[in-house]
Amino acid sequence: MSPQNTLTDQVALVTGSARRIGAAIATALHQAGANVVFHYRSSGDAAVALVEHLNAVRGDSALAIQADLNETSRLPDLVKRVVAWRGRLDILVNNASSFYPTPPGDITEEQWEDLVGSNLKAPLFLSQAAMQELRTARGSVVNIVDIHARRPLQHHTVYGPAKAGLAMLTLSLAKDLAPEVRVNGVAPGAILWPEDELDDAAKASILNQVPLGRTGDPADIAGCVLYLVRDATYVTGQIIAVDGGRSIGW
């Protein structure tokens, strides 16, 4: 690995990183040498436990910060806290996301505000708040999108359009923040089953649509993020599907 392709001394902020895919991304960036801020909204115990573990591996290399990303007026303060910790911000991973069904006929404005807020509004305003620091560092942004940004998931009538907006935001920011900042996306497929557990028939139906015939692993998403922020120095404005081939067509 050439010296410029190392994350040593770089600072990464990963939103929604206390659990699941976010935790895998933040941990992978830490293992690659970055100092990592674990953002969380309500999973404080999990975030603190991860930070304590990683700081035992490498002192003062991880920090947990609580914030409600839907309170967009406070996002500049979140960035300031990150910069106050280590003096810079090189990597922003917009991972935090609300996800639940909203069948037509029962959709509320509260659901709209939550789903569009977490999946589109917060990534925009957090990226904007971090823009100058990222430009100074010649850093990068990775947005965690979804394969359902392109093909709708039944009864997710708000979530899908919000992720579609995030996909376009990724392309727009890539154009607007160039050449100093690279902006890309990762679109997961069936990586982890939703926490409101699907029955076996539903899981089998999904896996029948996946050419590789199996679920992925959070490490698959983390590896793609690591590639984009560390190795893909001539890549911007791209959204990579990590889905076992499902987006080929189903």
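**Reading a predicted model: patch, cores and two asparagines**

Tutor: Met168, Leu171 and Ile239 make up a nonpolar patch on the surface, and together they have about 250 Å² of accessible area. Keep in mind that this is a predicted model.

Student: Where does leucine 171 sit, and is it buried, partly exposed or exposed?

Tutor: Leucine 171 belongs to helix α5, residues 159-177. Since the partly exposed class lies between 20% and 50% relative accessible area, leucine 171, at 37%, is partly exposed.

Student: Now the interior. Which residues of the largest nonpolar core touch the most other members?

Tutor: A core of this kind is a set of buried nonpolar residues joined through side-chain atoms. Here the largest one has 32 residues, and Leu13, Leu78 and Leu89 touch the most other members. Two or more residues come from each of β1 (11-14), α3 (75-86), α4, α5 and β6 (182-188). Another core, of 31 residues, lies apart from it and includes Ile21, Ala28, Val186 and Leu226.

Student: What does leucine 89 touch, beyond residues up to four places away in sequence?

Tutor: With those residues not counted, leucine 89 touches Val11, Ala12, Leu13, Val79, Val82, Val83, Ala130, Glu133, Leu134 and Ala137.

Student: Next, a polar residue. Why does asparagine 94 count as buried?

Tutor: The class is set by relative accessible area, and buried means under 20%. Asparagine 94 has 4%, so it is buried. It is found in strand β4, residues 91-94.

Student: Which side chains make polar contacts with the side chain of asparagine 94?

Tutor: A polar contact is read from the distance between N or O atoms, within 3.5 Å. The side chain of asparagine 94 has one with the side chain of asparagine 143 at 2.8 Å, and one with the side chain of serine 127 at 3.3 Å. Leaving aside neighbours within four places in sequence, the residues in contact with asparagine 94 include Thr15, Pro123, Leu126 and Val141.

Student: And asparagine 119: where is it, and is it buried or exposed?

Tutor: Asparagine 119 lies in helix α4, residues 109-137. Its relative accessibility is 0%, so it counts as buried.

Student: What polar atoms lie by its side chain?

Tutor: Check backbone as well as side-chain partners. A polar atom of the asparagine 119 side chain is 2.9 Å from the backbone oxygen of leucine 115. The side chains of asparagine 119 and lysine 163 are joined by a polar contact of 3.1 Å. With neighbours within four places in sequence left aside, asparagine 119 is in contact with Ser97, Ser98, Tyr159, Ala162, Lys163 and Leu166.

Key
Residues numbered from 1 in each chain as written. Predicted model: local features only at pLDDT ≥ 70, side-chain atom pairs only at ≥ 80, totals over all residues. Heavy atoms only, no water. Helix = DSSP H or I, 4+ residues; strand = E, 2+ residues; numbered from the N terminus. Buried < 20%, exposed > 50% of the residue type's maximum accessible area, 1.4 Å probe, protein only. Polar contact = N/O pair within 3.5 Å; in protein donor to acceptor, adjacent residues only side chain to side chain. Contact = heavy atoms within 4.5 Å. Patch = residues over 30% accessible without salt bridge, like charges linked within 9 Å, V, L, I, M, F, W, Y side chains within 5 Å. Areas by Shrake-Rupley, 256 points an atom, 1.4 Å probe, with all protein chains shown as cover. Salt bridge = Lys/Arg side-chain N within 4 Å of Asp/Glu carboxyl O. Core = buried A, V, L, I, M, F, W, Y, C linked by side-chain atoms within 4.5 Å.
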